Structure formats: structure tokens, C-alpha cells
Amino acid sequence: MSPSINLPVCLEDARIKVLPTAAFYISDFISKEEEEVLLSKINRTNALKIQTAPKPKWKVLSHRRLQTWPSDLTKNNSLLDSPLPGWLRDPVASRLLECPMNMSNMKQHIFSDSPHGGPNHVLINEYQPGEGIMPHKDGAAYHPVVCTVSLGSSLTLEIYETKDDGTRETTPKFRILQEPRSLLITTGELYTDYLHGIAEVHEDVDLDHITIANWDLLRSPEIYKQGNFQRSTRTSLTYRDVIKVSKLGAKFSMFKAR
Ligand SMILES: O=C(O)CCC(=O)C(=O)O
């Protein structure tokens with residue numbers, strides 16, 4: 001194992017204790033070399049797709065770029081059965097499945113209770129400084145576990161409560177700082193009841209041990225001791241298990257270039 005990886009013995013050791021339901025943060029989940037390989041795959045994939053298919057893999061949205069692997073969900077929220085490409089399975093997905101939940105049951109991992117026992121879908125989002133994503137919920141298509149690996153730059157994810165009338169509070173209830181090469185896992189009510197988003201700012205401010213829920217789990221809290229951080233390009237990979245999978249996909253996927 002690369003020395004720059006630092007995995008806890010079990011996820012329980014990486015729990016973000018101030019959050020209402022199980023959420024975990026591992027600052028050194030992948031190495032610098034693995035981060036570089038992932039970034040080159042994400043961008044080379046794009047170049048290859050341009051050569052072999054008219055539609056580029058990146059979807060340019062108004063405030064970020066997005067890739068969807070192995071494919072977009074259908075209108076009824078199902079996934080056409082197709083494996084994730086090898087570079088999205090190893091090292092991230094395989095490492096997620098190897099990390100035990102707690103010491104009392106070393107065989108249980110974060111996807112043990114999910115419909116397919118592991119992630120089958122990855123969204124790749126790229127944010128330039130000043131870009132972000134509006135607060136939202138991920139909805140019913142997925143099992144309520146989201147595993148996010150961050151590449152390139154730090155930024156804060158903001159978690160919002162909803163008011164009794166269903167509208168969202170204006171200030172976030174919690175903020176989680178995600179460093180490059182880190183893994184964040186959110187589950188349960190954080191998935192079902194709270195909204196999450198990324199502010200469209202160039203700089204994250206008001207960073208300290210009180211405002212940042214995972215401060216004690218950060219790799220390099222000293223970087224943020226002035227209380228602010230200037231963002232650069234940040235790419236995230238979010239691994240999820242899509243509940244409905246249509247077997248039709250298997251037939252067509254063998255004809256697709258990967
Ligand atoms: O990029 C991220 O960390 C968040 C992405 C996100 O909110 C989503 O994919 O639903």
C-alpha cells in the first residue's frame with residue numbers, strides 16, 4: 001500500500017461526531033499518484049470519446065461540468081446494467097468495500113446493506129473557482145449512502161435543514177471541509193432529510209474548529225488557520241448504488257466502446 005494512504009482500521013474511527021447521523025471522513029483515502037491517474041483518466045476519457053463518438057463525455061452545465069458513469073439514469077430512475085470501468089473500480093470502489101464498519105463485525109462494509117452490495121454508479125463533477133451546486137437532495141433513485149472522493153482542491157460542502165413549511169433554511173446547519181484525496185461518506189438522515197450544496201464562491205471563509213464539522217479529522221488544519229481558503233479546480237467522484245437496474249443494458253453494453 002502506498003505510504004501516503006492512511007486508512008482507519010474501521011470506519012467508526014473516522015466518524016464525524018458532530019453530525020446527526022453516520023458520516024465519515026478519511027483525509028488520505030487515495031495517494032497523490034492515484035489522484036493523478038484518476039484525473040488523467042477523467043480527461044483522457046473525454047479526449048477518446050471525442051475521437052470515437054460525436055457526444056463528448058463531459059456535460060457542460062451552467063455552473064460545473066459533469067460526467068456520468070457507466071451512463072445516465074433512465075426517465076424512471078433506473079440504470080442500464082453495465083459495469084463501471086476498471087479505473088473507477090480500482091482503487092476507490094474496491095477500497096470502500098475493504099473498509100470494515102466497526103471492529104465487532106469486520107465483514108460489514110458501507111455498502112453491505114445496499115441492493116447490489118457495492119456502488120454501480122459514479123458522477124464526476126468538476127468545479128472551477130466560483131462554481132458550485134445548488135442545495136438539493138439526491139432523491140429516491142439511490143440507496144442512501146454517498147461516497148465522495150475529492151481531487152485537486154479543497155472546498156466546503158454545506159448541509160441545510162428544511163423548515164416546517166418545506167422550504168430550506170438560508171444558512172447551513174453544518175459545513176464539511178473536503179481536502180484533495182479525501183473520502184466523505186454521508187448516510188441516513190443526512191441523505192433523506194437534509195439538503196447539501198456547494199456555494200458558488202472563489203474562497204471558502206469562516207473556517208475553524210467550530211464551523212467545520214470534520215475539523216479534527218483534517219489532514220492539514222494548519223492550511224486553513226487564517227480562516228479562509230482560495231479554491232482551485234476541484235473534481236469530485238460520487239459513488240452510489242442505483243436501486244433499480246435494468247438487465248437490458250447488459251445486452252447493449254458489450255457493443256459499446258469503453
Ligand atoms: O461534488 C460534490 O461533492 C457534490 C456533488 C453532489 O452534490 C451530487 O452529485 O449530488
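**Figure 1. Residues around the ligand in the predicted model.** The ligand is surrounded by 13 residues, the closest being Y127, H136, D138, R234 and S236. By residue class, this shell comprises four nonpolar, six polar and three charged residues.

**Figure 2. Side-chain N or O atoms beside oxygen atoms of the ligand, with D138 as one example.** In the side chain of D138, an N or O atom lies 3.0 Å from an oxygen atom of the ligand. For H196, the separation between a side-chain N or O atom and an oxygen atom of the ligand is likewise given as 3.0 Å. The side chain of R240 places an N or O atom 3.1 Å from an oxygen atom of the ligand. The ligand taken alone exposes 290 Å², of which the protein buries 94%.

**Figure 3. The pocket that holds the ligand and the strands that contribute to the shell.** The largest pocket is the site in which the ligand sits. Two or more residues of the shell come from each of β5 (121–127), β6 (133–136), β11 (195–198) and β14 (234–240). The greatest contribution is that of β14, which supplies four residues.

**Figure 4. The protein chain as the setting of the close-up views.** The protein chain contains four helices and 15 strands. Its C-alpha atoms fill a box of roughly 50 × 50 × 45 Å along the principal axes. The radius of gyration of the protein chain is 18 Å, which agrees with a compact globule, because a globule of 258 residues would have a value near 18 Å.

Technical notes
Residues are numbered from 1 along each chain as its sequence is written. This is a predicted model: local features need pLDDT of at least 70, side-chain atom pairs count only at pLDDT 80 or more; totals for chains, interfaces and linings use all residues. Side-chain values use heavy atoms; hydrogens and water are left out. A residue is near a molecule or strand if one of its heavy atoms lies within 4 Å of it. A polar contact is a pair of N or O atoms within 3.5 Å; within protein, one must be able to donate a hydrogen and the other to accept it, and residues adjacent in sequence count only if both atoms are side-chain atoms. Accessible areas come from the Shrake-Rupley method with a 1.4 Å probe; for residues, only the protein chains shown count as cover. On a 1 Å grid over the protein atoms alone, a cavity is a set of points where a 1.4 Å probe fits but cannot get out, and a pocket is an open set with protein on both sides within 12 Å along at least five of seven lines; lining residues have an atom within 4 Å of a point. A molecule sits in a cavity or pocket if more than half of its atoms lie within 2 Å of its grid points. Ala, Val, Leu, Ile, Met, Phe, Trp, Tyr, Cys and Pro count as nonpolar, Asp, Glu, Lys and Arg as charged, and the others, Gly among them, as polar. The radius of gyration is taken over C-alpha atoms; the globule rule is 2.2 Å times the number of residues to the power 0.38.
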